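Hello,

Here is the structure I promised to pass on to you. Have a look at it first, and then read on for my notes on what turned up.

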Amino acid sequence: MSTLTVPQEVPPVSEDVEQLRKAFSGWGTNEGLIISILGHRNAAQRKLIRQAYAEAYGEDLLKALDKELSNDFERVLLLWTLDPAERDAALANEATKRWTSSNQVLMEIACTRSSNELLLARQAYHARFKKSLEEDVAHHTSGDFRKLLFPLVSSYRYNGDEVNMTLAKSEAKMLHEKISNKAYSDEELIRILATRSKAQINASLNQYKNEFGNDINKDLKADPNDEFLALLRATVKCLTRPEKYFEKVLRLAINKRGTDEGALTRVVATRAEIDMKLIKDEYQRRNSIPLDRAIVKDTHGEYEKLLLELVGHEDA
């Protein structure tokens, strides 16, 4: 499901490090060389490169990239080069400092990562920011948003496939009851979304549709302008069909007048090694245009080149 292509025979780490140093030397930066290396190494390989670079030159590779590059290309390359847990910590910290769609970013990290990935992100947050993600989320949010986001980022769900059908039936009924009464921030509704395993939530929501005739997200569309309901629908999508959620983020990022590079960069950098293949398939199905072609139409330069490498563009 990953779209990252790694060469069958990867050069020694020392060679990658030497080549990267060469890319930073002389007149101008050799961005193509940087892309050819970092754009074709997996997370474990990038981590080794970063360690070896620091040992060889006494400087963090991220600092070297920061000095040499700029704009959207720098942003995507820095996010990509970070260890996944550090990247999530950095994205979450940014989200607690701004208001635009920041609640969605926090929910996205909490709901599309495995329990261990979320735990590692919380530990990375401690190490880098000397405080907890939970306290920053609690401080940054209020009202219904805090009621939902705080338990989501604090969660450590069971990751297995086992499902309790009796529980699924009773919780489907409970969810329907709360939604029928417009009790969208009811603690029982939030408890189910924030603590149950993804397999269990899927079973409950299938039961919901079978018994009550509607997809739960249809029933959560009572007020299309309600921001909390929009976040609740996105939460359900992230927990059950993340590729549909990310397709929509990309569609909104690319199709607006003026690209939302922040969202485009975040999705490509965080999903290329996970499920970008599924997201691309969903994007093609929904928009009748391949994702890489949409990227070519909306971006340019080295930024475009790296995005295309990461999403698996055949002719890049």
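**Salt bridges**

The side chains of arginine 271 and aspartate 275 come together in a salt bridge, at 3.0 Å from N to O. Both arginine 271 and aspartate 275 are buried. Please keep in mind as you read that this is a predicted model.

By the rule used, the count comes to 23 salt bridges. A second one joins the side chains of arginine 122 and glutamate 134, with an N to O distance of 3.0 Å. This pair links distant parts of the chain: arginine 122 belongs to helix α8 (residues 115-129) and glutamate 134 to helix α9 (residues 133-140), 12 residues apart. Arginine 122 is buried, and glutamate 134 is buried too.

For a contrasting setting, look at helix α18 (residues 276-287), which holds both aspartate 281 and lysine 277. Their side chains meet in a salt bridge at 3.6 Å, N to O. The two residues are 4 apart, about one turn of the helix. In general, an α-helix has 3.6 residues a turn, so residues three or four places apart point the same way. Are these two buried or exposed? Aspartate 281 is partly exposed because its relative accessible area is 42%, and lysine 277 also counts as partly exposed because its relative accessibility is 43%.

There is also a network of salt bridges, which links Glu171, Glu188, Arg191 and Arg196.

**Helix α7 and the cysteines**

Next, please turn to helix α7 (residues 102-112). Of its 11 residues, 10 are buried, so the helix is largely enclosed by the rest of the structure. Among the buried residues of α7 are Ser102, Asn103, Val105, Met107 and Glu108, as well as Ile109, Ala110 and Thr112. Leucine 106 lies in this helix as well, and it counts as buried because its relative accessibility is 2%. To place α7 relative to the salt bridge in α18, you can use leucine 106 and lysine 277: they are 171 residues apart in sequence and 23 Å apart in space, C-alpha to C-alpha.

Cysteine 111 is another of the buried residues in α7, with a relative accessible area of 0%. Which cysteine sulfur is closest to that of cysteine 111? The answer is the sulfur of cysteine 238, 5.8 Å away. Cysteine 238 is buried as well, with a relative accessible area of 1%. Why do the two not form a disulfide? A disulfide requires cysteine sulfur atoms within 2.5 Å, and the 5.8 Å between these sulfurs is therefore too far for a bond. Seen from the other side, the closest cysteine sulfur to cysteine 238 is the one in cysteine 111, so that residue has no nearer partner to bond with. The structure as a whole holds 0 disulfides.

**A positive patch on the surface**

Finally, a look at the outside. Lys209, Lys218, Lys221, Lys248 and Arg286 form a positive surface patch. One of these residues, lysine 218, is placed in helix α14 (residues 216-219). Lysine 218 counts as exposed because its relative accessibility is 58%, over the 50% that the term requires.

That is what I have for now. I hope you enjoy looking through it.

Best wishes

Notes: Residues are numbered from 1 along each chain as its sequence is written. This is a predicted model: local features need pLDDT of at least 70, side-chain atom pairs count only at pLDDT 80 or more; totals for chains, interfaces and linings use all residues. Side-chain values use heavy atoms; hydrogens and water are left out. Patches are made of residues with over 30% relative accessible area and no salt bridge: like charges are joined within 9 Å, nonpolar side chains (Val, Leu, Ile, Met, Phe, Trp, Tyr) within 5 Å. Accessible areas come from the Shrake-Rupley method with a 1.4 Å probe; for residues, only the protein chains shown count as cover. A salt bridge is a side-chain nitrogen of Lys or Arg within 4 Å of a carboxyl oxygen of Asp or Glu. Lys and Arg count as positive and Asp and Glu as negative; His and the chain ends are not counted. The place of a charge is taken as NZ of Lys, CZ of Arg, CG of Asp or CD of Glu. Buried means under 20% relative accessible area, exposed over 50%, partly exposed in between (1.4 Å probe, protein chains only).
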